[in-house]
Amino acid sequence: MVPFSVSVFLCSLLFVVDAIKNPIITGWNPDPSILRVGNEYFIATSSFEYFPGVPIYRSTDLANWELYSHALTTSEHVQLYGVPTGAGVWAPSLSFINGRFYLASMTRWTYDPTARVWPRLYFSSSKDLITWSNPVWCEPWGIDPSLFQDPTSGKIYLNLMAPNNNIDRIWGIYQCEISLVTGNCVGEYISLWNGTLPHNSSARDEGPKMFYKDSYYYLLIAEGGTDDLHRATIARSSSPQGPWTPAPNNPILFNGAYGFDNLTVQSTGHATFVETPEGDWYAAFLARRKINGTSPLGRETFLTTLTWSDGWPTLNDGKPILLSESFGSVSDQRYPPPPFKDTFSASELDPSWYQLRIPYTKNYETGTPRSSNRHHGKGNNETSGLRFSPNVFSLSDRDTPAAILRKQKSLNMTFSATLLPASGSLGYLQSIGISAYLSDFQHQDTGIRGCVNQTGMCFYSTLLMNGTSVTNQIPLNSTTIPDNITLIIRAEAPKYTFGFKVGTTPIVWMAEIKSSWLAFAPIGFFVFEGASFALFASGNGNPWPFDAPVVGFKEVNEVYFDENIPDHDVWT
């Protein structure tokens with residue numbers, strides 16, 4: 001007979017495994033700031049031009065994360081009118097000070113080098129991470145702000161990435177003691193540390209996070225920019241104002257050291273440390289999963305182990321971050337995750353949906369139709385679902401189209417959306433569809449619109465590749481939109497495929513594009529997000545006709561499959 005203690009041990013091996021797998025939050029969620037309060041962990045990530053801003057995720061075991069809230073939910077919290085792709089809200093940082101949560105962040109409104117519109121810093125506070133105060137604007141300007149309360153003195157410090165002056169503009173890490181009431185510096189504004197790389201006009205010391213441990217103050221930063229050279233470095237001091245001694249094992253996190261075109265996981269950096277109630281330490285950080293050299297999902301949130309020796313941290317035992325490796329002893333993460341389905345039956349959207357920039361007016365409605373919808377009339381029906389109030393803007397405009405978006409969460413999945421029926425017909429300039437969306441320059445669409453150069457309505461697909469477009473169309477052979485049409489995007493690591501199906505008939509595939517087109521910006525522009533899936537309707541430059549049909553979607557389904565992404569970026 002097997003002894004009881006041994007049998008219990010063997011059973012535990014079946015149910016408790018090394019189970020934290022990376023990325024811990026899939027889909028684009030860069031610049032993670034992790035914070036533990038009690039037995040709960042929270043992570044805030046960048047949101048850029050997406051609204052509501054700054055998603056906050058919650059976990060009790062570091063492995064399984066849920067979208068908990070958003071910090072910026074009103075136009076008083078954040079202003080995003082007309083901001084370009086990649087601008088908007090960057091690098092939030094969570095703190096817990098005097099019984100309140102604080103979130104420091106910044107908004108960048110433009111990249112125009114002649115406009116002199118510099119990023120503005122602010123912080124907000126909350127008792128519960130759900131209801132947030134209006135922002136307190138900070139006196140310094142720069143990016144990546146964080147608040148640190150010195151546990152020995154109680155003083156509050158603002159740490160940030162900022163230029164040395166407005167002439168040389170050589171970036172480094174700066175600091176001042178700050179008032180939580182006014183946002184103004186109440187102490188000397190000083191340069192803290194310039195990192196480990198050459199300090200010149202190309203220096204990008206960013207993401208400062210300060211913490212106190214065993215009589216030392218630690219300053220954790222990112223260096224090398226946001227691409228292949230991205231890394232984490234650390235220094236310590238006996239004072240929060242320095243001077244700083246760099247760690248002897250810097251960079252403490254840098255997958256690029258093993259070759260930029262070698263490992264799949266790259267751009268490791270922008271880390272934040274957290275200690276568990278049991279005294280274990282972990283580091284949350286951003287990284288990309290490279291597919292043939294590009295990253296369609298953008299920068300995701302990763303986690304790794306952290307140990308201390310002689311007062312210095314070592315991440316992942318000094319080894320590179322690999323997708324095949326897992327760690328920890330918690331309930332196993334479910335892979336692939338369960339399917340997602342949204343029938344839009346509630347009066348409010350699921351919080352995982354976003355809009356681009358700040359909506360001027362309500363451009364959608366969910367649940368059962370209400371008489372206040374200005375487009376009720378021709379084509380109206382009482383089916384529950386998502387109904388758009390389309391406007392002149394499309395996904396190609398730097399504005400707020402009638403569209404909602406969800407982050408793509410897997411490199412092997414299907415996104416499908418079933419249309420609401422409509423008894424009217426669409427003209428050439430009216431369209432409804434779904435999209436694999438990266439930016440106003442790069443979005444790949446499929447849907448229904450008035451046919452081009454022929455009568456009636458057509459299924460169509462349009463692929464946008466930095467100024468070049470390819471369009472296909474297939475006649476719908478109906479004067480109305482029937483109630484059994486489903487639009488489909490099949491997303492795989494190397495490619496996206498676009499199609500539709502009518503009822504139970506086989507899928508008709510219309511177009512295919514390499515996933516690399518959802519991974520980079522045109523020359524002279526920036527994109528810091530990854531791919532999202534969008535539902536949209538548009539007048540494409542014209543107002544939606546008053547007598548046009550009501551259009552929308554009955555439901556959305558996402559189905560995820562095993563990804564099987566290799567540790568090395570080698571694809572056949």
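## Worked exercises on a predicted model

Residues 372-377 keep a pLDDT (the predictor's confidence in each residue, from 0 to 100) under 50, and the model has 20 contacts for them beyond four places in sequence, a contact being heavy atoms within 4.5 Å. This is a predicted model, where local features need pLDDT of at least 70 and side-chain atom pairs count only at pLDDT 80 or more, while totals for chains, interfaces and linings use all residues. Residues are numbered from 1 along each chain as its sequence is written, and side-chain values use heavy atoms, with hydrogens and water left out.

**Exercise 1. Work out how the confidence is spread along the chain.**

Step 1: start with the whole. The protein chain averages a pLDDT of 91, and 93% of the residues score at least 70.

Step 2: look for the low stretches. Besides residues 372-377, with pLDDT under 50, there are residues 1-17, where pLDDT also stays under 50. For residues 1-17 the model has 7 contacts beyond four places in sequence.

**Exercise 2. Find the disulfides, and say how each one is set up.**

Step 1: search the whole structure for cysteine sulfur atoms within 2.5 Å of each other, the cut-off for a disulfide. You'll get 2 disulfides. In general, such a link is a covalent bond between the sulfur atoms of two cysteines.

Step 2: take Cys176 and Cys185. Their sulfur atoms sit 2.2 Å apart, and the link is left-handed, with -75° about the S-S bond. Cys176 counts as buried because its relative accessibility is 0%, and Cys185 counts as partly exposed at 23%. (Buried means under 20% relative accessible area, exposed over 50%, partly exposed in between, using a 1.4 Å probe and protein chains only.)

Step 3: now Cys451 and Cys458. Here the sulfur atoms are 2.1 Å apart, and 100° about the S-S bond makes the link right-handed. Cys451 is buried with a relative accessible area of 5%, and Cys458 is buried at 0%.

Step 4: write the pattern. Counting bonded cysteines along the chain gives 1-2, 3-4. Cys138 is in no disulfide: the nearest cysteine sulfur, that of Cys176, is 8.0 Å away. Cys138 is buried too, with a relative accessible area of 3%.

**Exercise 3. Lay out the sheet that holds strands 19, 20, 21 and 22.**

Step 1: get the terms straight. Strands (E, at least two residues) and helices (H or I, at least four residues) are DSSP runs, numbered from the N terminus. Two strands pair if DSSP finds at least two bridges between them.

Step 2: read the order. The 4 strands form an open sheet, 19-20-21-22, with antiparallel pairing. Strand 19 (265-275) and strand 22 (312-315) each have a single partner strand, so one side of each is left without a neighbour in the sheet. From one strand to the next, the twist averages 35°.

Step 3: zoom in on a pair. Strand 20 (residues 281-289) and strand 21 (residues 299-309) share 8 bridges; Ala284 has Leu303 in strand 21 as its bridge partner.

**Exercise 4. Which strands pair with strand 38 (residues 552-560)?**

Step 1: strand 24 pairs with strand 38 in the antiparallel sense over 3 bridges, and Asp342 stands opposite Val556 in strand 38.

Step 2: strand 27 (residues 386-388) runs antiparallel to strand 38 and is joined to it by 2 bridges. Arg387 has Gly552 as its bridge partner there.

Step 3: strand 29 (residues 413-419) pairs with strand 38 over 7 bridges, antiparallel again. Met413 has Tyr560 as its bridge partner in strand 38.

Technical notes: Axes are lines fitted to C-alpha atoms, for helices over the stretch in contact, and angles run from 0 to 180 degrees between N-to-C directions.
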